[in-house]
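Reader: Could you take me through the nonpolar core of this chain, with a little of its setting? I would enjoy a close look.

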Amino acid sequence: MKNLRRCIALLGLGLLPTVALQAQTTNSGTDKFAQLETTLPTPNVYRTASGAPGHKYWQQRADYDIQVTLDDAKQAITGRETVTYTNRSPDVLPYLWMQLDQNLYDQKSATKSTQVSQLQDRMQFQALEGLLSDFDGGFKIESVTGRDGKALKTVVNHTMMRVDLPAPLRPGQSYSFNVKWRYNINDQIKMGGRSGYEYFPEDKNYLYEIAQFYPRMAVYSDNQGWQHKQFLGGGEFTLPFGDYKVSITAPADHVVAATGTLQNATQVLSATQQKRLAQAKNAKKPVLIVSQAEAVSAEAGRATGTKTWTYAAKNVRDFAWASSRKFIWDAMEIKQSGQPVLCMSYYPKEGNPLWGQYSTEVVAHTIKTYSKFTIPYEYPVAISVHGPIFGMEYPMLSFNGGRPEKDGTYSAQLKYAMIGVITHEVGHNFFPMIVNSDERQWSWMDEGLNSFMQYLTEQEWERNYPSRRGEPKSIVDYMRTDKSVQNPIMTNSESVLQLGNNAYGKPAAALNILRETVMGRELFDHAFKTYAQRWAYKHPTPADFFRTMEDASAVDLDWFWRGWFYTTDHTDLALESVKSFTPSTGDPAVEKARLQQLQAAAAPSISAQRNATDLKTTLVDEKPELKDFYNEYNPLAVTAADQQRYAAYRAGLSPEQQQRLAAQPQYFYELSLRNLGGLVMPVIVQLTYADNSQEVRTIPAEIWRKNNEKVTKVMVTDKPVISFVLDPFLQTADTDLSNNAFPRQPAASRFDLFQQQQQAPQNPMQQAAQNGTK
């Protein structure tokens, strides 16, 4: 770094900011600080400009009474339901829409017909089986009838079914109708999906994780009417709230876990199991309701009869369940805001020792931590089930993976993956099961917010927990990829190219940056909690989230939402140069002496060095009469005129200016900054001083408001600075750290050494000869 001295005292220090500002008011391209007011929906009586529900906000209600039977021999479901739909909207509804999500597995499904694939030289059997599969898992709707038993007209459009009402449903009215259906359960290991079974050939048993198993009411809302976008497998679900009563008939030796609370424990549980369940309510660690030995014993038998487990759940948006004779079951009750929450886990022996040691503890920890940052958990139970599905969420119940080796050993990676997925899926109770965003439209509103909360929860589980997502540095590789393989976060769920990065990782990193760097923890935590409180058990939109975060913090974040959520720009801030300044004293005795020192220390040019020996004399040496005044003149000598000018200068200064001139010298540095990635972000600068002490200064993102591409910033210090580094703690997801330091710092890396292979591998003819074949 050059240490240049500029005489700026005579110009006046106060002019520097003005000069810099005037030089940077030109802005090219789209203004990245343009407000989102014209982009977001217009506020109204249902959704306010503050992001809160309006005074006329409404939402529909759907209550269910369901009876479902599991056929363990055929891996099939039969069921019937009574749906009571209440119209709380101001609109008259001539028909209702229901979701038929199992039609994803229909032979003529839009998902199957639009799925893209390629043939390779080498194909896995599983891929080939998928292309040739004739499995039919779609709903077979046997009847849809009204309260009077008469058939209602229906129209099925792939994964949606329209139910025409005998008379329009007016505001405030309710209507009850009945649906009977059946379908075949998919083999989740072979076919994937969010629901299905796993077969265990060693003991010839099945484990079922069942969801989307009944025709479900679609959401009708003030902001978009019916949400009846087709279910293609990517975008998940949005559903109205209601009360559920679900009776599940399964083999008598099965254990059934489900959303809600068990209503007939005395009929389906043994006296010992009931006693253990009661003990779990006062336990400090999980209590086994069904032990591994008991589960192994059950695996060997086959009950001929059935049991019906009845569960009830209030004010939930969905219902799911799991069933198997293989289940080990443990439970532990915690108090959340004074209310009891029974935390439970169901898992086969193949999940131990991991599941017995960790699952229920993770469930309890997740409920406590999420409640602290959002709203108190109000449901009575929280369940984690281990089976074929690595991660999927439903109210009060989630399906989670993470299975050790057959010998019971496992890697650290597997352990943390299991803890992470349980945290994530149990956390979904808050987003979107309670704060009920539209997953079919905006995956990031549940996955992104939940991944951020997962990160906070993991860090409170274990110091320096190896979180997969959340830290800004974890999203850098994605954000530096070509824009052709990226989408803005604000992209419909079914159109996202990289769902994990786009809907999970990038929003989680963005929220972490908001909390740690842009807003600070106090403002962010209050605003985030306010959002959860405002929209608990309601249907928020992206605009409601954006507006609430600003409303509750008094921080203008439109630039942040625009850059992170509406574009594929990335962070790449560069420190292009640094100029060093110190103010002149104005004293000619001091300043001219300094210039003499610099002149004496300056290295002569290569020509001057060679001329000193090659040129014996010059013409002026030979003819002294050619010399004049300037041959003896020393411009750095202090003259009486210099002293007079300095005296006049001092006399014209105010006492404050004279004190400034006499004070300890300060150091001025002009930093030239450039935004190469397009994403405007705060500028975080670490200064290292000559005495090796350090200081970090954070400049808000608004530094870019006059020019989104390049700015200069003057920093004043009391000590000389030897280096400047941008984003030293990797807070902004900067994709290129090579241009962050001045002076430039070499990037540290390593290379591996190997010895050249001495003998080339045998060719096929050599191998044939060696094996005695031709």
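Author: Happy to; here is the core, followed by the chain around it.

This is a predicted model, in which local features need pLDDT of at least 70 and side-chain atom pairs pLDDT 80 or more, while totals for chains, interfaces and linings use all residues. Residues are numbered from 1 along each chain as its sequence is written, and side-chain values use heavy atoms, without hydrogens and water.

The largest nonpolar core holds 187 residues, and Trp321, Phe545 and Phe560 touch the most other members. Such a core is a set of buried Ala, Val, Leu, Ile, Met, Phe, Trp, Tyr and Cys residues joined through side-chain atoms within 4.5 Å; buried means under 20% relative accessible area, exposed over 50%, and partly exposed in between (1.4 Å probe, protein chains only). Helix H8, residues 354–373, gives the most to this core, with 9 residues. Helices here are DSSP runs of H or I with at least four residues, strands are E runs of at least two, and both are numbered from the N terminus.

Now to Phe560: beyond its neighbours within four places in sequence, Phe560 is in contact (heavy atoms within 4.5 Å) with Ala510, Ile513, Leu514, Val518, Phe565 and Met681.

As for the setting, the chain has 22 helices and 30 strands, and 50% of its 774 residues count as buried. Of the contacts with a separation of 6 or more, 76% join residues 24 or more positions apart. The C-alpha atoms fill a box of roughly 130 × 90 × 50 Å along the principal axes.
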